[in-house]
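Trainee: I'm a first-year student and I get lost when I try to take in a whole protein at once. Could you pick one part, look at it closely with me, and then show how its surroundings connect?

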Amino acid sequence: TISGGEPFLQPEALNSLLTCLREKSDLGVIIYTGYAIEQLREKNDPHINNILDCLADMIIDGEYVEELNDGASLKGSSNQRVIHLTERYRSWQPLYEGTKRDVEVHLSAGEAFLIGIPNEETWRQWECALKDLNEEKRRVNSEVREMH
């Protein structure tokens, strides 16, 4: 996920980053932008066009407006649109369309991922949990070193 500042204010660098990412991985790319997709297309910038046509899977477009924050999934405010540029995430649409924004926590192979926009209390709990995990990891590594 690429978000702001405004990613499309640096189209050449963004294009280079995403080109490198695509060459080295199969990660999906979602970009948040304050521009409407029509505004991006009107710029007729080759870097922007390449991003939209070849490198990004989805964009969430439109300026964030606090007064329009309705808690919808993926979008910060109701004026924003989820635009599929590839089919990669289209089948996931029922999971986020019409639902409220939740925070998801995924744990895998010693990594922890927080997906979503947490409220203050959830963020505090997340930071505490990460601190505890890191301390536990250091303790275990120290014990392993002592055994050798």
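Mentor: Happy to! A helix here is a DSSP run of H or I with at least four residues, and helices are numbered from the N terminus. Please keep in mind that this is a predicted model.

Let's start from one residue, Leu-55, which has its place in helix H3. Is Leu-55 buried or exposed? Its relative accessible area is 6%, and buried means under 20%, so Leu-55 is buried. What does Leu-55 touch, leaving aside residues up to four places away in sequence? The list is Asn-15, Leu-18, Thr-19, Arg-22, Val-29 and Asn-50. Another residue to find is Leu-21: it is 34 residues from Leu-55 along the chain, yet their C-alpha atoms are separated by 9.0 Å.

Several of those contacts lead us to helix H1, which covers residues 11-24. This helix has 14 residues and reaches 20 Å from its first C-alpha to its last, close to the 20 Å expected at 1.5 Å a residue. Its buried residues are Pro-11, Leu-14, Asn-15 and Leu-18. Seen down the axis of H1, these buried residues fall within an arc of 100 degrees, so they line one face of the helix. The spacing helps to make sense of this: an α-helix has 3.6 residues a turn, so residues three or four places apart point the same way. On the other side of H1, you will find Glu-12, Glu-23 and Lys-24 exposed. The buried residues of H1, in turn, pack against helix H3 (46-55) and strand S1 (30-32).

Now look at Ile-51. Not counting residues up to four places away in sequence, Ile-51 touches Phe-8, Pro-11, Leu-14, Asn-15, Leu-18, Ile-31 and Ala-56. Some of these names come back in the largest nonpolar core, which has 15 residues. The members that touch the most others are Phe-8, Leu-18, Ile-31, Leu-40, Ile-51, Leu-52 and Ile-59. H1, helix H2 (37-42) and H3 each give two or more residues to this core, and the largest share, four residues, comes from H3. As a general pattern, nonpolar side chains tend to be buried together in soluble globular proteins.

Ile-59 takes us on to strand S2, residues 58-61. Along S2, Met-58 and Ile-60 point one way while Ile-59 and Asp-61 point the other way, and all are buried. S2 has a neighbour in S1, with which it pairs in the parallel sense over three bridges; there, Tyr-32 stands opposite Ile-60. S2 also runs antiparallel to strand S3 (residues 81-84), joined to it by four bridges, and Ile-60 stands opposite Val-82 in S3.

For a contrast, follow the chain into the loop between S2 and S3, where Glu-67 has its place. With 70% relative accessibility, Glu-67 counts as exposed. Glu-67 is 52 residues from Asn-119 in sequence, and the two are 17 Å apart in space, C-alpha to C-alpha.

One last stop is the aromatic pair, of which the structure holds one. Tyr-89 and Trp-92 form it edge-to-face, 5.4 Å centre to centre and with 70 degrees between the planes. Tyr-89 counts as buried at 13% relative accessibility, whereas Trp-92, at 48%, counts as partly exposed.

Technical notes: Residues numbered from 1 in each chain as written. Predicted model: local features only at pLDDT ≥ 70, side-chain atom pairs only at ≥ 80, totals over all residues. Heavy atoms only, no water. Expected span 1.5 Å × (residues − 1). Buried < 20%, exposed > 50% of the residue type's maximum accessible area, 1.4 Å probe, protein only. Arc of directions from axis to C-beta. Contact = heavy atoms within 4.5 Å. Phe/Tyr/Trp six-rings, centres within 6.5 Å; stacked < 30°, edge-to-face > 60°. Core = buried A, V, L, I, M, F, W, Y, C linked by side-chain atoms within 4.5 Å. Pairing = 2+ DSSP bridges.
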